[in-house]
Structures are given as structure tokens and as C-alpha cells.
Amino acid sequence: MADERHWTDIAADALDVPGWDVARYGPVRERLVILPRSQRSCTLVQPADLDRLLDLAQDDPEEHLPYWAELWPSGIALADALLLDPHPVHGQRVLELGCGLGLTAIAALWAGARLVAIDYSAEALALTRWNCSRNTGRVPELLRMNWRCPSEQLATVIGSSSVPVILAADVLYEDRDVEPLLRLVEHLLAPGGLLWLAEPGRRTATTFIERLGQKGWFDEVETWSGPWPDAGDTAVVVAVHRLRRPGR
């Protein structure tokens, strides 16, 4: 079972989160999170009724399921890794792909990153804004976008230069995700830059990492085994990859 010292729900009957449509998506709840290794704690707001979000997603032509609404082991591990070694992101322009509830964004801000966080869901961005503001007193630049089909707006936000660090936690769900992520990181990550990728052993992630290896990328990997919030994830082991692009 998950270690209850690390995952404690906090009762919250009425939280007024700007940008969150309670009538459509239902109430939210607060959860106290203590990261496994760094022991840093934060309070996250997340949707209380995930089944309601799944029902609303059934008619989405893009098949976007509300993955963002969960606390996933990969996001937890990546946040922990950032706080254990903040140097690579401190003072750097950093891009996060798929910010979800904002846990990794919180850690990146604590680590001193100048963060741009993107997600396809406006609701995820609203909760990321709230969670980051409450825990760090700062808010990253937020951009609504599907990273699989990046818009010109991303280039405007990033600026003319490439970014030195990209963060991604469990973004390779399906085969269709591999090629878009390869194109994106090769377009946006600076030579010698770092892709910090957390993944729970999905075949698609293995394929992606092998493809980068064929291009000369160097992979340094460390594993996390929890504790995780969902007892069903007890056996999950997350690999946190530091994938270094060839270059300077």
C-alpha cells in the first residue's frame, strides 16, 4: 500500500479556483504531497470526480483523455529529481511538456527555473496556475497547446533561441507520440541541451530513447520506486532519464 505519510487528503468543500468551471467539471479537492526522497511538501488542488471528466471526454475527436487530472508516479519522480539536483534548471529557460496539475512545475520553480509550461487542457493550466501560485508565490508562463502539433505561438513565447532544458513526465502513451516528440525536441532543444524524461517503462518510451541513442544522445538514468499515491501503482518503477543532446 502507499505510504500514508506521503499522501494525505485535506478536506475542502468549497475552493474557488479561477478558471475552473465547477458546474461542468465538479468540485476540486486538496491533497498534501510529500515527495519521496527530497521530502519537500506542497498542497495540490485536483478534480474530485475523475469519472465525470472521463464522461465529458468521450466525444473528444482528438481522443484527449483527462490524464492531466491524476497524480502520476512519473510526475512525482521528476519533481523529486529536480529538487535533488536543481543546478541544471536554475536560472535557465525551461520548457515543460504537459504540465497536468503542476507538480513538476512547482518543483521547477522552486529549483529556480524560468519556466514555460504547456498543456492541451485549459483546465490543467488553470489548476497549474493555482497550484504554482499557492506553493511558490510564482506562476510560470502558461500556454495552451498540444505539443504533438506545436503552434507558432510556442516559438513566440520561447523566443529566437532554443531552450537548454525540456521537462516531460509520462508523455509517450501511444505509438503516435514518438515521432512528434522527436521532432519537437530536435527543433527546440539547444545543442548540448538536456531532455529530462520520466517514464514508467512503456514500450513507446523505449522506442523513443533508442531513436535518440541512434542519433548520438547520451542517456543517464535513475529509478524511483515510490511510494505512490495509488495503491495500484505499488509495483511501478519510474525511470528518470537525463537525455543529453550532442553538441557543445
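These exercises walk through one predicted model, each with a worked solution. Local features need pLDDT of at least 70, side-chain atom pairs count only at pLDDT 80 or more, and totals for chains, interfaces and linings use all residues. Residues are numbered from 1 along each chain as its sequence is written, and side-chain values use heavy atoms, with hydrogens and water left out.

**Exercise 1. Confidence**

Task: Find what pLDDT the chain averages, and where pLDDT stays under 50.

Solution:
- Start with the term: pLDDT is the predictor's confidence in each residue, from 0 to 100.
- The chain average is 89. A score of at least 70 is reached by 90% of the residues.
- Now look at residues 1-5. Their pLDDT stays under 50. The model has eight contacts for them beyond four places in sequence; a contact means heavy atoms within 4.5 Å.

**Exercise 2. Q46 in its strand**

Task: Place Q46, decide whether Q46 is buried or exposed, and list what Q46 is in contact with.

Solution:
- Q46 sits in strand β3, residues 41-47. Helices (H or I, at least four residues) and strands (E, at least two) are DSSP runs, numbered from the N terminus.
- Buried means under 20% relative accessible area, exposed over 50%, and partly exposed in between (1.4 Å probe, protein chains only).
- Q46 has 2% relative accessibility, so Q46 counts as buried.
- Set aside neighbours within four places in sequence. Q46 then contacts V28, R29, R31, A69, E70, L71, L101 and L127.

**Exercise 3. The nonpolar cores**

Task: Describe the largest nonpolar core and a second, separate one.

Solution:
- A nonpolar core is a set of buried Ala, Val, Leu, Ile, Met, Phe, Trp, Tyr and Cys residues joined through side-chain atoms within 4.5 Å.
- The largest core has 49 residues. W68, V89, L103, L167, W196 and V240 have the most contacts inside it.
- Helix α3 (residues 73-84) gives this core its largest share, seven residues.
- A separate second core has 29 residues, among them W147, F208, W217 and L243.
- Return to V89. Beyond four places in sequence, V89 touches L82, V94, A111, G112, A113, V165 and W196.
- As background, nonpolar side chains tend to be buried together in soluble globular proteins.

**Exercise 4. A patch on the surface**

Task: Name the residues that form a nonpolar patch on the surface, then place L54.

Solution:
- Patches use residues with over 30% relative accessible area and no salt bridge; like charges are joined within 9 Å, and nonpolar side chains (Val, Leu, Ile, Met, Phe, Trp, Tyr) within 5 Å.
- L54, L65 and Y67 form the patch. Together they have about 230 Å² of accessible area, by the Shrake-Rupley method with a 1.4 Å probe, where for residues only the protein chains shown count as cover.
- L54 belongs to helix α2, residues 50-57. Its relative accessibility is 39%, so L54 counts as partly exposed.

**Exercise 5. Salt bridges**

Task: State how many salt bridges a search of the whole structure finds, and work through three pairs.

Solution:
- A salt bridge is a side-chain nitrogen of Lys or Arg within 4 Å of a carboxyl oxygen of Asp or Glu.
- The search finds 10.
- Take R242 and D85. Their closest N and O atoms are 2.6 Å apart. R242 is in strand β10, and D85 is in the loop between α3 and β4 (93-97). This pair links distant parts of the chain, 157 residues apart.
- Take E179 and R211. Here the closest N and O atoms are 2.8 Å apart. The pair joins helix α7 to helix α8 (residues 203-214), across 32 residues.
- Take R176 and E174. Their N to O distance is 3.3 Å. R176 has 39% relative accessibility, so R176 is partly exposed. E174 is partly exposed too, at 32%.

**Exercise 6. Backbone details in loops**

Task: Locate a cis peptide bond, and two residues other than glycine with positive phi.

Solution:
- The cis bond joins G226 and P227, with omega about 10°. P227 lies in the loop between β9 (218-224) and β10 (238-244).
- Q39 has phi near 65°. Q39 is in the loop between β2 (28-34) and β3. Its relative accessible area is 42%, so Q39 is partly exposed.
- D170 has phi near 55°. D170 is in the loop between β7 (163-169) and α7 (178-188). At 6% relative accessibility, D170 is buried.
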